[in-house]
Amino acid sequence: IGFTFVPSQGLTLSGGDQDEAISTLVQLLKERFPNLSENYSITTDAIGGISTATDTGGIVLISGTGSNCKLINPNGSVTGCGGWGHLLGDEGSAYWMSLLAIKIVYDAIDNFKHTPFNICLVKEAMYDYFQKLLDGKLGLPIVCVGSVWNSWDLLKNGFLEVLKEVKQKPMAKNLCKFTMMKLKCSSAVGAASLGARHVGYNLPMNYANNVDIFFEHCFEL
């Protein structure tokens, strides 16, 4: 791959305010691409946004998959809130809104919390989404990985008992069948298929030959 030499490269990246990560990235760039640039300026995507719009500072509000807020002063100093990732924060992001909506629906179904809001639209959208998983001849396919599944004879009765209880809940009303299977080949086959699909090519896949079905169950209607 050919590169055009640029005396200084500016990169604005998510997580670009972590000094150790920046130092590691700069070192790797210089080692692997010594003819790419002499200098690197790396900062966050928020700083990149405000630097594109104005040179006098301002506020950047990011609300996409995640969320973040930064105040950039005219002297270049920065303060902010949020940006802690989906485990600790991301309030106001698409992830946070989706998670909150799903949680409200399940809390209402399980009678954990009463909600004053109408949840019908979100609930229907959730059911429609998961219904697509159940439309095939296998019902709900379940790929079982790990040595615990070698003891299926000991697990089966308890597994079915729990699923029968779940089947009584509204969220599982469309679950009529499930099929349990183990892989007969490495999951690297699936990784190769995803890699090919990423560049617009579909590898020929015989999914039936890749798995060993060891249990199927149909629920009574």
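**Strand pairing, salt bridges and cysteines in a predicted model**

In strand S7, the bridge partner of valine 143 is methionine 181, and this pairing is a convenient place to enter the structure. The model is a predicted one, in which local features need pLDDT of at least 70, side-chain atom pairs count only at pLDDT 80 or more, and totals for chains, interfaces and linings use all residues. Residues are numbered from 1 along each chain as its sequence is written, and side-chain values use heavy atoms, with hydrogens and water left out.

The protein chain contains seven helices and eight strands, where helices (H or I, at least four residues) and strands (E, at least two) are DSSP runs numbered from the N terminus. Strand S6, residues 140-143, runs parallel to S7 and is joined to S7 by four bridges; two strands are said to pair if DSSP finds at least two bridges between them. S7 also pairs with S8, here in the antiparallel sense and over seven bridges, and within this pairing lysine 182 stands opposite aspartate 212 in S8. In a regular strand the side chains alternate between the two faces of the sheet.

Helix H5, residues 152-167, has Trp152, Leu160, Leu163 and Lys167 as its buried residues, where buried means under 20% relative accessible area, exposed means over 50%, and partly exposed lies in between (1.4 Å probe, protein chains only). These buried residues of H5 pack against S7 and S8, with contact taken as heavy atoms within 4.5 Å.

Side chains of opposite charge can pair when their charged atoms come close. The structure holds two salt bridges, each defined as a side-chain nitrogen of Lys or Arg within 4 Å of a carboxyl oxygen of Asp or Glu. In one of them the side chains of lysine 177 and glutamate 216 meet, at 3.5 Å from N to O. This pair links distant parts of the chain, since lysine 177 belongs to strand S7 (residues 177-183) and glutamate 216 to strand S8 (residues 211-218), 39 residues apart. Lysine 177 is partly exposed at a relative accessible area of 21%, and glutamate 216 also counts as partly exposed, at 43%.

The other salt bridge is formed by aspartate 107 with lysine 103, whose closest N and O atoms are 2.9 Å apart. Both residues lie in helix H3 (residues 94-109), and because they are four residues apart there, about one helical turn separates them. Aspartate 107 is buried, with a relative accessible area of 10%, whereas lysine 103 is partly exposed at 45%.

Tryptophan 96 likewise lies in helix H3 and, at 32% relative accessibility, counts as partly exposed. When residues up to four places away in sequence are not counted, tryptophan 96 touches Asp90 and Glu91. From C-alpha to C-alpha, tryptophan 96 and methionine 180 are 32 Å apart in space, and they are 84 residues apart in sequence.

A charged residue that is buried is found in strand S4 (residues 67-72), where lysine 70 has its place, with a relative accessible area of 15%. Leaving aside neighbours within four places in sequence, lysine 70 is in contact with Asp17, Ala46, Gly58, Ile59, Val60, Val78, Thr79 and Gly80.

What does a search of the whole structure find in the way of disulfides? The search finds zero, a disulfide being a pair of cysteine sulfur atoms within 2.5 Å. The sulfur of cysteine 144 has its closest cysteine sulfur in cysteine 185, 15 Å away, and this is too far for a bond. Cysteine 185 is accordingly in no disulfide. Cysteine 144 counts as buried at 5% relative accessibility, while cysteine 185 counts as partly exposed at 29%.

For the chain as a whole, the radius of gyration is 25 Å, although a compact globule of 221 residues would have a value near 17 Å; the radius is taken over C-alpha atoms, and the globule rule is 2.2 Å times the number of residues to the power 0.38. Along its principal axes the C-alpha trace spans about 70 × 50 × 30 Å. Buried residues make up 23% of the 221 residues, and among contacts with a separation of 6 or more, 61% are between residues 24 or more positions apart.
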